[in-house]
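User: Could you take a close look at one part of this model for me? I'd like to hear about the aromatic rings and the helix they start from.

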Amino acid sequence: MDIRALLMGLAFALMWSSAFTSARIIVQDAPPLASLSLRFFLSGLIGVLIAKALGQSWNLTRNQWRAVFVFGLCQNALYLGLNFFAMQTVEASLASIIASSMPLLVAGIGWLLLKDRLPVQGVIGLLLGIVGVVLIMGARFSGNADLVGMALCVIGALALAIATLAMRGASSGGNLLMVVGLQMFVGAIILGIVSAFTETIYVNPSMRLAMAFAYTTLVPGLIATFIWFSLVERIGAVRASTFHFLNPFFGVAIAAILLDEDLGRMDIIGVLVITVGILLVQLSKQKPTGS
C-alpha cells in the first residue's frame, strides 16, 4: 500500500467517522429521512456540476451504472438512511462501533458467497470481530440502548458491505466524480419518497443545526465519498474497507469531545477486539494466495 493510499484512507476514516456525530446533531432538530434526502440532493448537485465543469460525462459504462444504483440504494438509502433514523435513539459512538463491522462483513460475504480465498488468519480475524461485536452488544443489551435502533444499524452495516463489493470496477471507465454525484441522486429520490409517506416535517432552526448539515453535506457526503471511490479503485474493496477499523476510535473520540457521550469498559474492550480482527483479515489478504 503506497503513501498516497494510506493518506487517502486516513482522511476517509476521519471524515466518515465524523458523520455519526453530525448526524446525531441533525436528527435532534429535523426529520432524519427528509434531512438526509436533502443532503444527498445537494451533494449530488454539487458533484455533478463540478464533474461537468471538469469535462466528465454521464455516458457511463454498464458497471458504472450498476454501481450508481446499487451504491445509491445500499449505502445512501439503506446504510445512511437506517443510521440516521436509528440515531434518534442510538448514540453516535455506538453507531460508529457497529459500522466498524463492515470490513468483516465484506470479507465474510466474499468468502462464503463469492468464493474469495480467506486464509486461516483471516478466519480468526472474522471470529474475533464477531466476538467484539457480541461484547459490545451484550453490554448495551443490559443497559438502556434502544434495541430496534441497534438492529437498524446492523442492517445498515450489512447494506454497506454489499455496496462496497458492488464497487468493483465502478471507476474503471473514468468519470469518477460524475458517478459519485449520480449515486447521491439515487439516495435522495428513494429517501424523499419514503419520507413523504412516513415523516412529519419539522425543523428547530439553530446555528448548530445549520453547521452540522452543511458539514455533513460537503465533507462526509461529497468529499469522503469521492475519496472512497478513488481508494477502492486504487487498492481494492477488501483493503480499502480495512480503513473502517479506525471508525470506532475516531467515531467515539469525536462523539465524546463534541457530544460528551460516555463509553463503558466493555465498549473499549470490544473496539480493541474488533480492531485486531480487522487487522488480521487485512494481513491475511496481503499474503500471496498460492502460499
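Analyst: Here's a walk through the ring pairs, then the helix around them. Keep in mind that this is a predicted model.

There are 5 aromatic pairs in the structure. Take F12 and W228: their rings are stacked, 4.7 Å centre to centre, with 25° between the planes. F12 belongs to helix α1 and W228 to helix α9 (residues 207-235), so this pair ties together parts that sit 216 residues apart in sequence. What about burial? F12 has a relative accessible area of 1%, so it is buried, and W228 counts as buried too, at 2% relative accessibility.

Then there's W16 with Y79, also a stacked pair, at 5.9 Å centre to centre and just 5° between the planes. This one links distant parts of the chain as well: W16 is in helix α1 and Y79 in helix α3 (residues 62-86), 63 residues apart. W16 is at 6% relative accessibility and therefore counts as buried, while Y79, at 1%, is buried. Put together, F12, W16, Y79 and W228 are linked by ring pairs into a cluster.

Now for a surface feature on the helix side. L10 lies in helix α1, which spans residues 3-27. With a relative accessible area of 35%, L10 is partly exposed, whereas F12 is buried. L10 also joins I3, L6 and L7 in a nonpolar surface patch of about 370 Å². The spacing is worth a thought: an α-helix has 3.6 residues a turn, so residues three or four places apart point the same way.

Conventions. Residues are numbered from 1 along each chain as its sequence is written. This is a predicted model: local features need pLDDT of at least 70, side-chain atom pairs count only at pLDDT 80 or more; totals for chains, interfaces and linings use all residues. Side-chain values use heavy atoms; hydrogens and water are left out. Patches are made of residues with over 30% relative accessible area and no salt bridge: like charges are joined within 9 Å, nonpolar side chains (Val, Leu, Ile, Met, Phe, Trp, Tyr) within 5 Å. Accessible areas come from the Shrake-Rupley method with a 1.4 Å probe; for residues, only the protein chains shown count as cover. A salt bridge is a side-chain nitrogen of Lys or Arg within 4 Å of a carboxyl oxygen of Asp or Glu. Helices (H or I, at least four residues) and strands (E, at least two) are DSSP runs, numbered from the N terminus. Buried means under 20% relative accessible area, exposed over 50%, partly exposed in between (1.4 Å probe, protein chains only). Rings of Phe, Tyr and Trp (its six-membered ring) pair if their centres lie within 6.5 Å; planes under 30 degrees apart count as stacked, over 60 as edge-to-face and the rest as tilted.
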